[in-house]
Amino acid sequence: MADSDDRPFDVMAGACPSRAVLEHVTSKWGSLTLAALSSEPARFGELRRTIGGISEKMLSQTLKSLESDGLVDRRVQSTAPLHVDYALTPSGQTVAQAVRVLVLAVYDVMPEVLKVADSA
């Protein structure tokens, strides 16, 4: 990706750490998790119900990856019983906004995609 800015990261370089973060963000479950958290924090069960088709194991792995990337914050609430909320960090909000733009772009092209798929 050619860019005139002098950035310290280059996703096209095989050893660049930004590549792993991009992989987490652009995976199906990563994108959907960021989108689900973009409006408000949520508990694990709420996320699982919101993101159709995701297993507990995959949601857990996805949240851990996004948390280790600094995009999701895991907040343990000291209530009885204990519960955990997941929320986007400021960096996560930035990335989630880009994911939302991508999702809206997909919605916009779906009529043409379906038309091409029907004619194939």
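**Entry 1: Threonine 33**

I began with threonine 33, which is found in helix H2. The model is a predicted one, and I read every value below as computed from it. Buried or exposed: which applies to threonine 33? I found a relative accessible area of 0% for threonine 33, and it therefore counts as buried, the limit being under 20%.

I then looked up what surrounds this side chain. Leaving aside residues up to four places away in sequence, threonine 33 touches Ile51, Leu59, Thr62, Leu63 and Leu66. Leu59, Thr62, Leu63 and Leu66 also appear in H4 on the list for the contact of H2 with H4, so I turned to that helix pair next.

**Entry 2: H2 against H4**

I recorded H4 as residues 56-68. The axes of H2 and H4 cross at roughly 75 degrees and come within 10 Å. H2 and H4 are therefore roughly perpendicular to each other, since angles of 65 to 115 degrees fall in that class.

Which residues meet here, on H2 and on H4? From H2 I noted Trp29, Gly30, Thr33, Leu34 and Leu37. From H4 I noted Met58, Leu59, Thr62, Leu63 and Leu66. I sorted the residues of this contact by class and obtained seven nonpolar, three polar and no charged.

**Entry 3: H2 against H5**

I next examined helix H2, residues 28-37, with helix H5, residues 90-119. Their axes lie 9 Å apart, and the packing angle is about 110 degrees. That angle makes H2 roughly perpendicular to H5.

Ser31, Leu34 and Ala35 are the H2 residues in this contact. Their counterparts in H5 are Gly92, Val95, Ala96 and Val99. The class count for H2 with H5 is five nonpolar, two polar and no charged residues. I noted that Leu34 is listed in the contact with H5 and is listed in the contact with H4 as well.

**Entry 4: H1 against H2**

I then took helix H1, residues 18-26, together with H2. The two axes are 4 Å apart, at an angle of about 70 degrees. H1 is thus roughly perpendicular to H2.

H1 contributes His24, Val25 and Thr26 to this contact, and H2 contributes Lys28, Gly30, Ser31 and Leu34. What is the division by class for H1 with H2? I counted two nonpolar, four polar and one charged residues. Leu34 of H2 recurs here, after its entries in the contacts with H4 and H5.

**Entry 5: Salt bridges**

How many salt bridges does the structure hold? I found three, and I checked the accessibility of each partner.

I first took glutamate 56 and arginine 48, whose side chains meet in a salt bridge at 3.5 Å, N to O. Glutamate 56 has a relative accessible area of 48% and is partly exposed. Arginine 48 is also partly exposed, at 35% relative accessibility.

I next took aspartate 73 and arginine 75, whose side chains form a salt bridge at 3.0 Å, N to O. Aspartate 73 is partly exposed, with a relative accessible area of 29%. For arginine 75 the value is 36%, which again counts as partly exposed.

I then took glutamate 112 and lysine 115, where the closest N and O atoms are 3.5 Å apart. What separates these two along helix H5? They are three residues apart in H5, so about one helical turn lies between them. Glutamate 112 is partly exposed at 43% relative accessibility, whereas lysine 115 is exposed at 54%, because the limit for exposed is over 50%.

**Entry 6: The chain as a whole**

Finally I looked up the overall figures. The protein chain has five helices and three strands, and along the sequence they follow the pattern α-α-β-α-α-β-β-α. Its C-alpha atoms fill a box of roughly 55 × 45 × 25 Å along the principal axes.

Of the 120 residues, 23% count as buried, and threonine 33 is a buried residue. The chain exposes about 8300 Å², with carbon and sulfur atoms supplying 57% of that area. Among contacts with a separation of 6 or more, 42% are between residues 24 or more positions apart.

Technical notes
Residues numbered from 1 in each chain as written. Predicted model: local features only at pLDDT ≥ 70, side-chain atom pairs only at ≥ 80, totals over all residues. Heavy atoms only, no water. Axes fitted to C-alpha atoms, helices over the stretch in contact; angles between N-to-C directions. Parallel < 35°, antiparallel > 145°, perpendicular 65-115°, else oblique. Contact = heavy atoms within 4.5 Å. Nonpolar A, V, L, I, M, F, W, Y, C, P; charged D, E, K, R; others polar. Buried < 20%, exposed > 50% of the residue type's maximum accessible area, 1.4 Å probe, protein only. Areas by Shrake-Rupley, 256 points an atom, 1.4 Å probe, with all protein chains shown as cover. Salt bridge = Lys/Arg side-chain N within 4 Å of Asp/Glu carboxyl O.
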